[in-house]
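Colleague: Before I rely on the descriptive terms used for this model, I should like to know how each of them is justified. Could we go through them one by one?

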Amino acid sequence: MLGNAGHAQSSGFANWINGFRSRARSAGISDRTFQAAFADVRYLQDSIDRDRNQAEFVRPLADYMSTAVSDARVSNGRAMVRQFANVFARIEATFDVEPHVVAAVWGMESNYGQRRGDVPLISTLATLAYDGRRGRFFEEQLIAALRILQNGDVAPRNMTGSWAGAMGHTQFIPTSYEAYAVDITGDGRRDIWADDPSDALASTAAYFRRFNWRKGQPWGVEVILPRGFDYGQTGRRSPAAWGQLGVRGVDGQVVPNYGEASLILPTGAGGPAFLTFANYTTISRYNNAQAYIIGVGHLGDRIRGMGPLRVAFPAGERQLRRAERVELQQRLTDAGFSTQGVDGRIGPNSQAAIRAYQRSVGLPADGFASVSLLERLR
Ligand SMILES: [Ca+2]
C-alpha cells in the first residue's frame, strides 16, 4: 500500500524496495523479518518534506530556549526525577550519570515521553533511503532497524519514531540503539518504546558514559566578561587563566577548575557567555547543534535546582543562514573590511573583518555574525 504519492512515485518506491530486499538479505535479514517489516510499508511524503525543511531551519536562540527550558519543563523534570527516583538511582550507580542529566535529555527529546513519535519507522526510513538526499545514511539505519526487529526487541507495529527515524523516549537512531541500548529492567528486551522509560533512560546514560561523561562536573558555567574584554581571545584555557583575563562566574568568583575550558558566546556580546568543559563535548555527541547542547545542559542545571541564566538571550538573534552569511561577507568587503573571500563560512578572516568593522562604528568587537550586524550593514 503506497499512500500520498503519485503513480510514478509509487512504482519508483516499489522498485526500490525490490532492489533493497536483496541488499537486506545480503546484510543478514531473513525473508520472514523483511516481509513482516514491509507488510504495511508506505511512502511518506511528509518525511521528505520535513527532511528538506530542517536543512536550514534557524530559530532565534531566545525562542528555542524558552521552549527547551520552559518553567513547565523544569518542574516536570523535577517531578520525573522524583517519580522515577529508583530507576535514576540504579542508572547512576551503573553508569555514573546523574539523574538531572538523563532527565534533561529525556525532556529535550520527547518532553518526558509525551512525544516519542508515532510514525511507522520502517516506512519513514525506507522513504528517506529511497529519496536519496541522504540515502546511504538512511539505508544503513533501515538495515539496523530490520536487525532490531529480527532480534525481537520490539514488534514491527510498535516500532515507531520521529519523521527522521529517531525512536523512543530519548530518540535513538537505529545504529545508536544497536551500539548503546541496554536492558536495565532485565526482561531480555531493550525496550525504549514502552511507556516504562527505564530502558530508554538507561540507554541514554550508557551513551553518555561511552562518550566520557564526567560525573559531578558541569557541562558549562555562565560567566560575566569584564568591560573592554578582548573577544579575540579564543582557544582552551584553565578557569584560572580565564580568570586572569577577568572572566568570572555569575557569583563574581573565578570559576572552579573543572579542566580546560572554552569561552562561547552563542549570540555574541549582547547575550550570555559560558565557559564550557569536557561534558559539553559529551552532550555534543548526542546532537552537535550548539543550541541543543546548551538546552540540555541548562535544563539539567534547572532540574537540579539552579536558577535561570543571569543574562538573557537577546530577542531575535540567531545564526545566519548561508545566503545571509554570504551577503554579510559581501557587504563587509564592499565597505572596506575584506573577509578574504565570500564563501558563506564565517572563519577567522571573516571574524577579523567583523571586529574591524565593529571597532570602526564603536560596537563591542565580538566578531559575531549577527542578524543585527547584517541589518546595520544593509
Ligand atoms: Ca527491558
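**Sheet, rings and a helix face**

Modeller: Let us begin with the sheet, bearing in mind that this is a predicted model. Four strands form an open sheet in the order β4-β3-β6-β5, and their pairing is antiparallel.

Colleague: What makes β4 and β5 the edge strands?

Modeller: Each of them, β4 (248–249) and β5 (262–264), pairs on one side only.

Colleague: How do you know that β5 and β6 pair?

Modeller: Pairing requires at least two bridges between the strands. β5 and β6 (residues 273–276) have three bridges, in the antiparallel sense, so the criterion is met. Within this pairing, I264 stands opposite F274 of β6.

Colleague: Turning to the rings, how many aromatic pairs are there?

Modeller: The count is 26 aromatic pairs. One of them joins F13 and W16, with 6.5 Å centre to centre and 0 degrees between the planes.

Colleague: Why is the pair of F13 and W16 called stacked?

Modeller: Planes under 30 degrees apart count as stacked; the planes of F13 and W16 are at 0 degrees, so the term applies. The two residues are three apart in helix α1 (residues 7–26), which means that about one helical turn separates them.

Colleague: Why are F13 and W16 called buried?

Modeller: The limit for buried is under 20% relative accessible area. F13 has 0% and W16 has 14%, so both qualify.

Colleague: Why, then, is the pair of F20 and F34 called tilted?

Modeller: Tilted covers planes that are neither under 30 degrees nor over 60 degrees apart. For F20 and F34 the angle is 40 degrees, with 5.9 Å centre to centre, so this pair is tilted. F20 belongs to helix α1 and F34 to helix α2 (residues 31–38), so the pair ties together parts 14 residues apart in sequence. Both F20 and F34 are buried. F13, W16, F20 and F34 belong to one aromatic cluster, together with F38, Y43 and Y130.

Colleague: What makes R237 a charge over the ring of W242?

Modeller: The distance limit is within 6 Å of the ring centre, and the charged end of R237 sits 4.8 Å from the centre of the W242 ring. R210 likewise lies over the face of F211, at 4.7 Å from the ring centre.

Colleague: Finally, which residues of helix α4 are buried?

Modeller: In α4 (residues 61–68) they are L61, A62, Y64, M65 and A68. They cover an arc of only 160 degrees around the axis, and therefore lie on the same side of α4. These buried residues pack against α5 (71–83), α7 (99–110) and α14 (290–304).

Methods: Residues are numbered from 1 along each chain as its sequence is written. This is a predicted model: local features need pLDDT of at least 70, side-chain atom pairs count only at pLDDT 80 or more; totals for chains, interfaces and linings use all residues. Side-chain values use heavy atoms; hydrogens and water are left out. Rings of Phe, Tyr and Trp (its six-membered ring) pair if their centres lie within 6.5 Å; planes under 30 degrees apart count as stacked, over 60 as edge-to-face and the rest as tilted. Buried means under 20% relative accessible area, exposed over 50%, partly exposed in between (1.4 Å probe, protein chains only). A charge sits over a ring if NZ of Lys or CZ of Arg is within 6 Å of the ring centre and within 35 degrees of the ring normal. The arc is that of the directions from the helix axis to the C-beta atoms. Contact means heavy atoms within 4.5 Å.
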